[in-house]
Amino acid sequence: MPNIRNIIVLGGNYAGSSIAHLFLKHTYPELPMTGAKYRLVLVNPSTTFYHRSASPRAAADLERTEKSCTLFSNLTEGFAQYSPESFGFIQGLATDVDLDRRTVTIKRTEGVGSGGVVEETLPFHALFIATGASPNADILDTVQNGKEQVLSRIRDMNAKVNGAKDIVIAGGGPTAVELAGEIGEHLNGAAGRFSKRPSNPKARVRLISDSEYLLQTKLSRKHAGWAEQLLARVGVDVVSGVRTTSAEPNSDGSTRVLLNNGTIIHILDERGFVKTNDKTLRVDAAGPRVYCVGDVGTYTRGGLPDLILAVLPAMANFRRDLLAAHSNVDAKPTGRDKAHEKSTAETLLCTVGYTRGLGVFTGRQLPYFMTYQFKVEDYFDCGHEFASGSRWEKTSF
Ligand SMILES: Cc1cc2nc3c(=O)[nH]c(=O)nc-3n(C[C@H](O)[C@H](O)[C@H](O)COP(=O)(O)OP(=O)(O)OC[C@H]3O[C@@H](n4cnc5c(N)ncnc54)[C@H](O)[C@@H]3O)c2cc1C
């Protein structure tokens with residue numbers, strides 16, 4: 001029997017798909033031909049990649065969203081290019097990570113409807129935790145059993161939005177602002193050139209935030225007023241400094257890590273994020289060859305730019321660890337790790353409806369046409385590139 005070493009990646013959206021494609025495209029072909037063999041196993045509850053960045057628009061108007069970007073991509077098709085010796089996909093949720101035994105327990109989600117739930121425990125040689133962070137709103141969430149389920153939630157939401165006369169959205173971060181903006185413009189239209197509010201609003205839309213000012217976690221105060229003006233333009237009123245109940249999302253989006261057994265608890269901070277070394281992207285307290293990339297890590301403020309910045313150093317350090325341990329699993333690499341440089345720049349692109357947005361790049365306000373081209377028009381339309389791996393074709397690390 002060949003000695004097969006599992007590289008398990010938990011989570012298959014932006015971070016997990018990136019890790020898996022980068023490994024299979026660039027690292028796997030470079031591994032020694034003799035001795036141990038490697039196989040990457042990607043674990044995700046759905047075979048669908050959800051471009052959740054565009055979900056605020058989908059919540060207001062699915063049809064408009066599907067015209068401007070690819071909301072769903074097929075992970076099975078994206079990974080069909082790799083051989084079964086190098087890659088396996090498990091449609092399921094990791095329910096338990098045992099860091100002492102170095103195993104992951106996975107509850108399969110395929111066939112759940114017909115009662116066919118199967119649990120299995122796999123040993124890992126290396127582990128990536130890329131399970132993301134979840135807002136308290138199903139339609140914005142990536143933890144799902146499949147495209148049909150998300151689509152039906154989105155359609156329900158569209159129907160509720162279209163029939164509503166009074167809508168309250170809680171939260172002061174980019175997700176809440178985008179959601180309020182999309183719903184506002186969808187229902188109320190936008191103000192004319194010389195007015196501040198739409199002339200004939202169909203519904204009252206309020207954004208209630210418990211932070212001092214909007215977008216406080218991302219931007220300095222001077223840009224907040226601008227967000228409020230753009231929201232007023234689509235008929236959204238902002239009510240600041242009001243504490244919301246626990247059933248509503250927090251201003252920075254709540255998080256949950258779906259792995260909470262005894263051995264993993266000590267690698268989580270008090271909010272449930274994975275304590276990650278922000279230079280190496282290793283999870284130092286979890287033992288050798290355990291890494292974390294994406295919103296679930298403590299190294300990040302969340303968002304795709306941070307994730308894209310982290311993925312390559314994580315892969316470089318993973319490759320060093322893997323090659324060093326090829327003949328002796330206890331061996332560590334010599335020389336320097338690739339250092340991840342954290343971004344601290346005041347940068348944000350936030351849609352406020354489907355015609356305008358707020359853009360700040362390294363502290364400077366961007367003109368509307370740039371924000372429109374970068375984001376408002378199509379919400380980056382990058383989901384399919386992550387799912388197919390085309391984004392990482394020519395990368396080196
Ligand atoms: C509504 C909304 C709008 C956003 N807009 C933007 C934007 O415009 N620009 C931007 O830069 N960022 C935006 N973000 C943030 C961006 O979506 C995140 O940075 C990104 O999703 C993080 O990717 P990830 O792969 O770490 O996590 P996710 O995309 O959340 O993916 C995590 C994956 O792990 C799976 N998973 C969870 N638990 C388990 C488990 N136990 N076992 C196996 N799999 C599991 C999930 O199902 C999911 O597929 C937005 C976020 C939200 C919620």
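Select Met315 to begin, a residue of helix 9 (residues 304-324), where helices (H or I, at least four residues) and strands (E, at least two) are DSSP runs numbered from the N terminus. Met315 is buried, with a relative accessible area of 0%; here buried means under 20% relative accessible area, exposed means over 50%, and partly exposed lies in between (1.4 Å probe, protein chains only). This is a predicted model, in which local features need pLDDT of at least 70 and side-chain atom pairs count only at pLDDT 80 or more, whereas totals for chains, interfaces and linings use all residues. Residues are numbered from 1 along each chain as its sequence is written, and side-chain values use heavy atoms, with hydrogens and water left out.

From Met315, add Phe23 to the selection: the two are 292 residues apart in sequence, yet their C-alpha atoms are 7.5 Å apart in space. Phe23 also counts as buried, at 0% relative accessibility.

Now show helix 1, which covers residues 14-27. The expected span of a helix is 1.5 Å times one less than its number of residues, so the 14 residues of helix 1 should span 20 Å, and the 19 Å between its end C-alpha atoms agrees with this. Of its 14 residues, 14 are buried, so helix 1 is largely enclosed by the rest of the structure.

Next, turn to the aromatic rings. A pair of aromatic rings is described by the distance of the centres and the angle of the planes. Rings of Phe, Tyr and Trp (its six-membered ring) pair if their centres lie within 6.5 Å, and planes under 30 degrees apart count as stacked, over 60 as edge-to-face and the rest as tilted. A search of the whole structure finds 14 aromatic pairs. One of them joins Phe23 and Tyr28, whose ring centres are 6.0 Å apart and whose planes stand at 65 degrees, so the pair is edge-to-face. Tyr28 is partly exposed, with a relative accessible area of 28%. Select Phe128, Tyr291 and Phe318 as well, and you have a cluster in which ring pairs link these three with Phe23 and Tyr28.

For a further pair, select Trp226 and Tyr368, which are tilted, with 5.9 Å centre to centre and 40 degrees between the planes. This pair links distant parts of the chain, since Trp226 belongs to helix 7 (residues 224-233) and Tyr368 to helix 10 (residues 368-376), 142 residues apart. Trp226 counts as buried at 9% relative accessibility, whereas Tyr368 is partly exposed, with a relative accessible area of 33%.

Two arginines come next. A charge sits over a ring if NZ of Lys or CZ of Arg is within 6 Å of the ring centre and within 35 degrees of the ring normal. The charged end of Arg64 sits over the ring of Tyr354, 3.5 Å from its centre, and that of Arg391 sits over the ring of Trp392, 5.9 Å from its centre.

Move on to the loop between helix 10 and helix 11 (383-388), where Tyr379 is found. Most residues other than glycine have a negative phi. Tyr379, however, has a positive phi near 50 degrees, and the residue is buried, with a relative accessible area of 0%. Asp381 has its place in the loop between helix 10 and helix 11 too, and its phi is also positive, near 40 degrees.

Then display helix 6 (residues 174-188), whose 15 residues should span 21 Å and whose end C-alpha atoms are 20 Å apart, which agrees. Helix 6 is mostly covered, with 13 of its 15 residues buried. Just after helix 6, select Gly189, which takes a positive phi of about 70 degrees.

Another stop is Arg271, in the loop between helix 8 (262-265) and strand 12 (290-292). Arg271 is partly exposed, with a relative accessible area of 46%. Add Thr298, which is 27 residues from Arg271 in sequence and 9.6 Å from it in space, C-alpha to C-alpha.

Finish with Gly303, in the loop between strand 12 and helix 9. Gly303 is partly exposed, with a relative accessible area of 28%, and its C-alpha is 19 Å from that of Thr70, with the two positions 233 residues apart in sequence numbering.
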